[in-house]
Amino acid sequence: MQFIDLKSQYEALKERIDNRIQTVLNHGQFIMGPEVQELEQKLSEYVDIKHTITCANGTDALQLALMTLGIQPGDIVFTTPFTFFATAEVIALIGAKPVFIDIDPRTFNIDPQKLEDEIVRRQKAGEAPGAAVTAVDLFGLPSDYTVLEPLCSKHGLHLIEDAAQGFGGAIGARKAGSFGDIATTSFFPAKPLGCYGDGGAVFTNNDEYAEKLRSLRFHGKGTDKYDNVLIGLNSRLDTLQAAILLEKLAAFPVEYAARQELAYAYSTALHDRFLVPWIPEGFETCWAQYSLLAQNREERDRVIAQAKARGIPIMIYYPKPLHLLKAMQYLGVSAGDFPVSEQVSERIFSLPMHGYSKQPSNTVLELLVGE
Ligand SMILES: *Cc1c(COP(=O)(O)O)cnc(C)c1O
């Protein structure tokens, strides 16, 4: 059993993917070939956004978003401590300062009320205001943009949606990737829409941001690549990866439906035993991860140990919130600062999830229900 079954997906799509790869090998435009533009157009249609700018990975996508919004060294960027490291890493990398805001215990996403409390506290204390917020669609569930968007406009903060795990999710008719000033995603193989290597994309409805993003991902190019107008990155999506993604995107809606069924079956089987995911009214998750909460760390660690012994792939996302990681200690953060994130990281575990089987495996259910 695999945690994310990329093999079944390849078997189902093999002929199409192989043909797409062969086409690229034949035309030989390995950088910015025609598949890149075709993919950008198809992604824009899917997300219902004006501009998609593909890039080398989801981490670069976040960095490109921050650079495009003009985030400067020393600026404060609010974000969640319960996410993959990259979300906060790039804030620090460009010299800005990540300021963590604890999560909502039910959604595991940034808590908009706590964000507003921190904004107001800073105002009253005369501390530096924030420049931006990076919200994360953790495990596939969009952050609460119905509250975050008006809150950010009210306080003059830029809003970035880190939809690395969110692609496919939605709030009402709006798809993940369309929230905030700029949204980003990742095509890392294990993400809901993954390629066969590294890949990422940035989404925006803003024409100026789109132009700047296209320049920044290509060494800050101007009218041509030897007319550099900005200090940028080398962060393009390989044509081969774009070709593969075109076929995976075509299959995505069917996989998406299968993931919904698998998640529903998990919740039906397991809700008496563990705290199952909570999806707010009107929200849709793409189930990047299906994550359960055990009563406490002891119970969680017992499940993990038994799964390991039986060769069942159960993972922990994330064993440590970011403020407890060594690399973030320079911020002066410490244990106890973000109690919800800390408690969740002790209780959470994630089950195998993918779009090629609608039923949970019996070995997984026996392990969890029979416990
Ligand atoms: C995977 C991930 C990233 C980084 O994406 P890469 O393509 O691996 O660079 C950023 N943020 C979140 C929330 C992620 O899950």
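This report walks through the ligand site, helix H3 and one buried histidine in a predicted model.

## The ligand and its closest neighbours

Let's start with the ligand. It sits in the largest pocket, with 16 residues around it. Coming nearest are Gly58, Thr59, Asp162, Ser186 and Lys191.

Three of these neighbours have N or O atoms worth a look in the viewer. Thr59 puts a polar side-chain atom 2.5 Å from an oxygen atom of the ligand. At Gly58 the backbone does the job: one of its polar atoms is 2.7 Å from a ligand oxygen. Asp162 deals with a nitrogen atom of the ligand instead, which lies 2.8 Å from an N or O atom in the Asp162 side chain. As for cover, the ligand on its own has 380 Å² of accessible area, and the protein covers 93% of that.

## What the shell is made of

Which elements give two or more residues to the shell around the ligand? They are helix H3 (58-68) and helix H4 (86-93). H3 gives the most, with three residues.

Sorted by class, the shell around the ligand has eight polar residues, six nonpolar ones and two charged ones.

## A closer look at helix H3

Since H3 gives the most residues to the shell, it's worth following from end to end. At its start, Asn57 reaches over with a side-chain oxygen, to within 3.0 Å of the backbone nitrogen of Thr59. That is the Thr59 whose side chain has a polar atom 2.5 Å from a ligand oxygen. After the helix comes Gly70, with a positive phi, near 75°.

Is H3 largely enclosed or largely open? Nine of its eleven residues are buried, so the rest of the structure largely encloses it. The cut-off for buried here is under 20% relative accessible area. The buried residues in H3 are Gly58, Asp60, Ala61, Leu62, Gln63, Leu64, Ala65, Leu66 and Thr68. Gly58 turns up in that list and is also one of the residues that come nearest to the ligand.

## A buried histidine in a loop

Finally, have a look at His323. You'll find it in the loop between helix H9 (297-309) and helix H10 (339-347). His323 counts as buried because its relative accessibility is 0%.

What does the side chain of His323 make a polar contact with? Its partner is the side chain of Glu342, at 2.7 Å.

Note on methods
Residues are numbered from 1 along each chain as its sequence is written. This is a predicted model: local features need pLDDT of at least 70, side-chain atom pairs count only at pLDDT 80 or more; totals for chains, interfaces and linings use all residues. Side-chain values use heavy atoms; hydrogens and water are left out. A residue is near a molecule or strand if one of its heavy atoms lies within 4 Å of it. A polar contact is a pair of N or O atoms within 3.5 Å; within protein, one must be able to donate a hydrogen and the other to accept it, and residues adjacent in sequence count only if both atoms are side-chain atoms. Accessible areas come from the Shrake-Rupley method with a 1.4 Å probe; for residues, only the protein chains shown count as cover. On a 1 Å grid over the protein atoms alone, a cavity is a set of points where a 1.4 Å probe fits but cannot get out, and a pocket is an open set with protein on both sides within 12 Å along at least five of seven lines; lining residues have an atom within 4 Å of a point. A molecule sits in a cavity or pocket if more than half of its atoms lie within 2 Å of its grid points. Helices (H or I, at least four residues) and strands (E, at least two) are DSSP runs, numbered from the N terminus. Ala, Val, Leu, Ile, Met, Phe, Trp, Tyr, Cys and Pro count as nonpolar, Asp, Glu, Lys and Arg as charged, and the others, Gly among them, as polar. Buried means under 20% relative accessible area, exposed over 50%, partly exposed in between (1.4 Å probe, protein chains only).
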